[in-house]
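Okay, everyone, thanks for coming. I'll walk you through a structure that's probably new to most of you, so have a look at the screen first.

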Amino acid sequence: MWTCGTIDDLCNIEYGTRVVKKNEKGTEYPVYGGGGESFRIDRFNRVDRLVISRFGMSLKCTRYISGKFFLNDSGLTLSPKNKNLSQQYLDKLILSLNNNIFYLGSGSAQKNLRMDKFRLLKIFYPSLPEQKSIVKKLDDAFFEINQLNNSNKEALQQKLTLEENFYKDFFKSLEDQYGTMKLEEGIKLISGQHIMSKDYNSNRDGIGYLTGPADFRSVSPVVSKFTLKPKKTALKNDILITLKGSGIGKVNIMDQNELAISRQLAAIRAIKFVPSYLLIFLKTKFDYFQKLGNGAAIPGLSRVDVQKLEVPKVPIAKQHKVLEKLQKFQILISRYETLHNLKFKELNSLKLSILSKELKGEVI
């Protein structure tokens, strides 16, 4: 005999508490909201709970957090209102309803959970002995899946190490063969300039305007703002680099004819470099730029930091051959990463399938 009721009937809705990083100290307990860990503080308000996203929902809007953590106000948890529903079963039940909950969100720019609809979401549960049996079966199945996931994570970590070592050795061999030069000897550097918010729009009036690394993707930026009053612009094949903010050192390459750039960014116009070759080299310098920028009195990179960077002095005629080797390696690495990302998806889909079958009373 299965019991049916709404979230409102059967559960206590427990909201998180707002905390702001600049007002907190500590490194012990992770802070979660509707997504992954954001920062750490020295207090906690949850232990071993299933978190549901309230604001800024992604497709993965439910996640189980092990151990002690602090729940911010962009997330919530549920607890049973009566003793006939166990916390362990409720957590797994809500996890199985991830997609249903996601579609209860509303908003175009940012999805937020419609609490009125969420409260009316129906859930079902069997007797306590059956709940205990189902939870054990799921825990056993999930243990094996998690072991496979951990192996997959280790493989991806090895891929990162391999990639890092390859680029380090590759560019070191170029330095040994050709020597080095200052980046400023082969580029023109254009610093971006701030545009007032009243002077840009989202209506596609004017040319595109990039405000910072939030506009960056893996290779080229995406444009969501426009301006009729551009001040500094980047041109096609310019390399964009972040000079200020948390994304110090991030790079993208321009694939559009002209875009305005903010003061957070600078455009590197290659003169003695093949742009795609220089892009790959600068991507390998992200950690270097991060350390350099965070070590300054005011976090950020200066023009001099970028201009004085040592670069292998490869003749431009030979850079095309070098680029071919780099691109072949990137293709292999990309295939490897894609394969393991597919494994993650398959394992997570298997979890959801097992959850769905068990929590509907079907036999696997």
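**A walk through the model**

Let's start with a single pair: Val31 has Phe70 as its bridge partner in strand S6. One thing to say up front is that this is a predicted model. Val31's strand is S3, residues 29–32, and it runs parallel to S6, residues 62–71, with two bridges joining them. S6 also pairs with strand S5, residues 46–53, but there the sense is antiparallel, over six bridges. One spot to look for is Arg46, which stands opposite Phe69 in S6. As a reminder, strands of a sheet pair through backbone hydrogen bonds, and they can do so parallel or antiparallel.

Now let me stay in this area and go to the loops. Follow S6 to its end and you get into the loop between S6 and strand S7 (75–80), and that's where Asn72 lies. Is Asn72 buried or exposed? It's buried, because its relative accessible area is 10%, and the cut-off for buried is under 20%. What is it in contact with, leaving aside its neighbours within four places in sequence? Gly16, Thr17, Arg18 and Val19 on one stretch, and Val31, Tyr32 and Gly33 on another. Notice Val31 in there: that's the residue we began with, the bridge partner of Phe70.

Compare that with Thr27, in the loop between strand S2 (11–15) and S3. Thr27 has 66% relative accessibility, so it counts as exposed; the cut-off there is over 50%. Still, Thr27 has company: beyond its neighbours within four places in sequence, it contacts Arg40, Ile41 and Asp42. Thr27 and Asp42 are 15 residues apart along the chain, and their C-alpha atoms are separated by 6.2 Å.

Okay, zooming out. The protein has 364 residues, and 43% of them count as buried. You can count nine helices and 21 strands. The C-alpha trace spans about 75 × 45 × 40 Å along its principal axes. If you take contacts between residues at least 6 apart in sequence, 72% of them join residues at least 24 apart. On the outside, about 20,200 Å² is exposed, with carbon and sulfur atoms supplying 52% of that. As for charge, there are 58 positive side chains and 37 negative ones, and the centres of the two sets lie 4 Å apart.

So what's inside? In soluble globular proteins, nonpolar side chains tend to be buried together. Here the largest nonpolar core has 35 residues, and the ones with the most contacts inside it are Phe171, Leu183, Ile268, Tyr277, Leu278 and Leu282. Several elements each give at least two residues to this core, including helix H5 (128–178), helix H6 (275–283), helix H9 (316–359) and strand S20 (265–270). Which one gives the largest share of this core? That's H6, with six residues. Take Leu278 as an example: not counting residues up to four places away in sequence, it touches Leu183, Ile187, Ile239, Ile268, Ala270 and Phe273. And apart from this core lies another one, of 33 residues, with Leu85, Leu104, Phe142 and Ile354 among them.

Last stop is a sheet. It's an open one with five strands, in the order S13-S15-S14-S19-S16, and the pairing is mixed. The edges are S13 (200–201) and S16 (233–235); each has a single partner strand, so one side of each is left without a neighbour in the sheet. S16's pairing with S19, residues 258–261, is antiparallel over three bridges, and within it Ala234 has Leu259 as its bridge partner.

Two loop residues around here have an unusual backbone angle. Most residues other than glycine have a negative phi. Arg204 isn't a glycine, yet its phi is positive, about 70°. You'll find Arg204 in the loop between S13 and strand S14 (207–210), and at 60% relative accessibility it counts as exposed. The other is Asn237, in the loop between S16 and S17, with a positive phi near 75°. Asn237 is partly exposed, at a relative accessible area of 39%.

That's the tour. Happy to put any of it back on the screen.

Terms used
Residues are numbered from 1 along each chain as its sequence is written. This is a predicted model: local features need pLDDT of at least 70, side-chain atom pairs count only at pLDDT 80 or more; totals for chains, interfaces and linings use all residues. Side-chain values use heavy atoms; hydrogens and water are left out. Helices (H or I, at least four residues) and strands (E, at least two) are DSSP runs, numbered from the N terminus. Buried means under 20% relative accessible area, exposed over 50%, partly exposed in between (1.4 Å probe, protein chains only). Contact means heavy atoms within 4.5 Å. Accessible areas come from the Shrake-Rupley method with a 1.4 Å probe; for residues, only the protein chains shown count as cover. Lys and Arg count as positive and Asp and Glu as negative; His and the chain ends are not counted. The place of a charge is taken as NZ of Lys, CZ of Arg, CG of Asp or CD of Glu. A nonpolar core is a set of buried Ala, Val, Leu, Ile, Met, Phe, Trp, Tyr and Cys residues joined through side-chain atoms within 4.5 Å. Two strands pair if DSSP finds at least two bridges between them.
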